[in-house]
Amino acid sequence: MEKEWLDRAEAIRTAIVQLRDSLDCPSKQQRVTEIDQAMAAPTFWDDQETAQPLVQERSNLVALLKPLDEALAGSEDLTAMVEMAAEDEAFATEAQGEIVRLEKVVEELKLQALLSGPHDSAGAIITINARDGGTDANDWAEMLLRMYLQWGQKNDYKAELIDRQDNEEAGINNATIALRGPMAYGYLRGETGIHRLVRISPFNSEGKRQTSFAAVDVSPEISDSVEIEIDESDVRTDTYRASGAGGQHVNKTDSAVRLTHAPTGIVVQCQNERSQHKNRATAWKMLRAQMARHEEEKREQEDAAKYQQQAKTGFGSQIRNYFLHPDQRVKDARTKFQMGNFQAVLDGDIQGFLDSTLRWRAGQPVEEGDD
């Protein structure tokens, strides 16, 4: 038993050291030091637009480095603990528990190591559009909006409503939010695609089963310091009167802004602010985000073609099914991961889906979850 425990302790330490090397932790720690020095300057907070991205970058780096440092220190203590357990049985239970805990930590760190895309550490801009299914689809789109906000709240992420258009009967036509926290885009990028709901319609007096669809699009929130090539002559700007709630002033002025990027067909719009200037600035931010994701998908498709693989992007394809009838379950069409507790998923318990999609994208085995 002692040899098995020592072998497992050594495997834990080796895995952590390899992760630290592969993630180039010394350079990341150096970057934290640089940001700390910048934050110490008395004028740091004078420019909020520059300061906030740096604070978020530091938070993302620490969220990765701290668990690795703690795991490495734990693995060094573990070997001594196992050796003491061989001499004193009182340490045996503690040593065994620590081995199990650190093995779980290593698996979580390996998962985090998959978040190595160029924009994975960025905030996530999520746009949800109701698709086929009438009023049920509008209601379904709002349920998905709440699901992502609940997930963000569970993970202490900051949420900002960028745009929302309510449907006259129920739910929303579309909405856009930003979620900001460690690796927000890295975790959520796999949510892009069509989400399908099957249930007994609450809007049908005959109580018939209804299938409804909503499209989710996730893009990275790109800092102004990151260069994104957009030729302004390729972008058409339209202004129009904001619809829905917003007060008398909003509905009387052309404050809403829509941008159309002709070469890609990407369209973004914002009407949440009363000021056309603010809506225009936000719309450009959204366009930069979608252009960054567009370039990322092009690279993925090129790499997939090079290695004769299927590109693992989900935009425009059905990625997940949510069933409330005849039985309750949620199943991902790509990874086959599923959960039987429908309401828990709608309350933001989607981490299992996010983790399984990360593994699937990396070509790793995926557990299929509960029944």
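## Exercises on confidence, a core and a pocket

Among the elements of this predicted chain, helix H7 (residues 248–252) has the lowest mean pLDDT, 46, while helix H5 (residues 134–154) has the highest, 96. Here pLDDT is the predictor's confidence in each residue, from 0 to 100, and helices (H or I, at least four residues) and strands (E, at least two) are DSSP runs numbered from the N terminus. Residues count from 1 along each chain as its sequence is written, and side-chain values use heavy atoms, without hydrogens or water. In this predicted model, local features need pLDDT of at least 70 and side-chain atom pairs 80 or more, whereas totals for chains, interfaces and linings use all residues.

**Exercise 1.** Find where the pLDDT is below 50.

*Solution.* Start with the chain: its mean pLDDT is 84, and 90% of its residues reach 70 or more. Then go to residues 245–250, where the pLDDT is below 50. Where pLDDT is low, the predicted coordinates should not be read in detail.

**Exercise 2.** Work out which element gives the largest share of the largest nonpolar core.

*Solution.* Such a core joins buried (under 20% relative accessible area, 1.4 Å probe, protein chains only) Ala, Val, Leu, Ile, Met, Phe, Trp, Tyr and Cys residues through side-chain atoms within 4.5 Å. Of its 38 residues, Ile126, Leu144, Tyr148, Leu188, Tyr322 and Val345 touch the most other members. H5 supplies the largest share, eight residues. Next, look around Leu188: leaving out residues up to four places away in sequence, it touches Ala124, Ile126, Tyr148, Trp151, Leu179, Val218 and Leu354, with contact meaning heavy atoms within 4.5 Å.

Key. Buried means under 20% relative accessible area, exposed over 50%, partly exposed in between (1.4 Å probe, protein chains only).
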